[in-house]
Amino acid sequence: MSATATETRPVAATGSRIAARFAKLRAEGRGALIPFLEAYDPDRATSMEILRGMPGAGADLIEIGVPFTDPMADGPIIQLAGQRGLKAGATLGGTLEMVREFRAGDSETPVILMGYLNPILSYGAERFVADAASAGVDGLIVVDMPPEEAEVLAPHAQAAGLDIIRLVAPTTDAARLKVVLNASSGFVYYVAITGITGTRSADPAALEAAIPRIRAHTDLPICIGFGVRTPEQAGHAARVSDGAVVASALIETMSRTLDSEGRATPGTAQAMLDQVRALAAAVRAPR
C-alpha cells in the first residue's frame, strides 16, 4: 500500500516536549538516543541517580519502565530488573513521583513511561493520566493495549496532552499498520525483532528496508528499539530512522555491577551512565 494525497497521515502534535525535541534534533541533522531505565531498579535512590544523570550523559528522551509482575514483551534481563524494582517497593504512584522529582531539575527532556494496562486500571485511568501529566510525563507506551481497546485510556491521555506511542513490528502488515498509525502520537516505536526484548540484535539491512515502508504512511518520527545494543547499532538505527531506543544492554551493564544480593554498589549508576555516553557519541557521529 502506498500513501495517497487523501490518506490521513499521523503527525506530531505541536507544543509537546516530544515534538519540540524531535524538531530540535531535525534541525541538528541527527536522530535521538532514548535510553531506558526500570523504576526503582535496583533501588529508588540509584534509579533516581541514573534518571537525573541521563540527560547530561546524552539522552535526548528517556524511557522509564514501570515494574510489573507479568511483563510479556520483556525478556529475562528486563524481567529481572522489574523484579528488583518491585522488591525495592516500586509502584505506579512511586514511579510518577520519580518523574516529579526529575522535573524539579529538568523541564525539557521528554519522559515516556513504558508499562502494562493492568496497573493503570488499578490506579484508575483518568486519575493516572492526570497525575502523570502533573508529574511531567510526556508519553505512554502501554504494551498490551491495542488501538481497538484504547478507549479506556486514550481519550483521557489526549485531553491531558500525553502522547500514546505505539509499537509497529516486522510482522505488522499494511492493513494493520494503518490502524496502528492512526492511533499513534508522539513517535512510532519500531520493534526491530520479532519476540521479546534483549534476545538478539536487529538486522541492519532489514531496518533499512522497513523504515521507509512505515515513513510512507506517517509524518511522525520513527524510532527503533528491541535489538539495539551496541554504540554501532545505535548509531545505525539513529541514521536510518529518527532515533534509537536502548534498554536491555543498559540494564545488563548495570546488573553486572550489583552485589550477590542484587544491591547497588558504588559504581552502579556510573556504569550505566558511561554506557549512555558511549551510545550518545555514536548517535551524534556524522551521518
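A residue is called buried when its relative accessible area is under 20%, exposed when that area is over 50%, and partly exposed in between, using a 1.4 Å probe and protein chains only. The structure discussed here is a predicted model, in which local features need pLDDT of at least 70, side-chain atom pairs count only at pLDDT 80 or more, and totals for chains, interfaces and linings use all residues. Residues are numbered from 1 along each chain as its sequence is written, and side-chain values use heavy atoms, with hydrogens and water left out.

Helices and strands need a definition too: they are DSSP runs, H or I of at least four residues for a helix and E of at least two for a strand, numbered from the N terminus. Two strands pair if DSSP finds at least two bridges between them.

We begin with the sheet. It is open and has 9 strands in the order β5-β4-β3-β2-β1-β9-β8-β7-β6, with parallel pairing. Its edge strands are β5 (163–164) and β6, each of which pairs on one side only. At the β5 edge, strand β4 (residues 139–142) pairs with β5 in the parallel sense over 2 bridges, and Leu140 stands opposite Ile164 in β5.

At the other edge, strand β6 (residues 166–168) and β7 pair in the parallel sense over 3 bridges. Here Leu167 stands opposite Tyr189 in β7. Between these two strands the chain passes through helix α8 (residues 174–182), and this β-α-β crossover is right-handed; that is, with the strands pointing away from the viewer, the path from the first strand over the helix to the second runs clockwise. Strand β7 is also joined to β8 by 4 bridges, and the two run parallel. In that pairing, Val188 stands opposite Ile222 in β8. Strand β7 (residues 188–191) is covered on both faces: Val188 and Tyr190 on one side, and Tyr189 and Val191 on the other, are all buried.

Next come the loops. Where does Tyr40 lie? Its place is in the loop between β1 and α2. Tyr40 has a phi near 70°, a positive value in a residue other than glycine. Because its relative accessible area is 8%, Tyr40 counts as buried. Pro42 has its place in the loop between β1 (32–38) and α2 (44–57), and the peptide bond from Asp41 to Pro42 is cis, with omega near -5°.

Phe226 is in the loop between β8 (222–225) and α10. Its phi is near 60°, a positive value in a residue other than glycine. Phe226 has 6% relative accessibility and is therefore buried. Helix α10 (residues 231–240) contains His236, which counts as buried because its relative accessibility is 15%. Apart from neighbours within four places in sequence, His236 is in contact (heavy atoms within 4.5 Å) with Pro204, Leu207 and Glu208.

Finally, consider a pair of helices. Two packed helices are described by the angle between their axes and the distance between the axes. Axes are lines fitted to C-alpha atoms, for helices over the stretch in contact, and angles run from 0 to 180 degrees between N-to-C directions. Helix α11 (residues 248–255) and helix α12 (residues 268–283) pack at about 145°, with their axes 8 Å apart. Among the residues making the contact are Leu250 and Ile251 of α11 and Met272 and Leu279 of α12.
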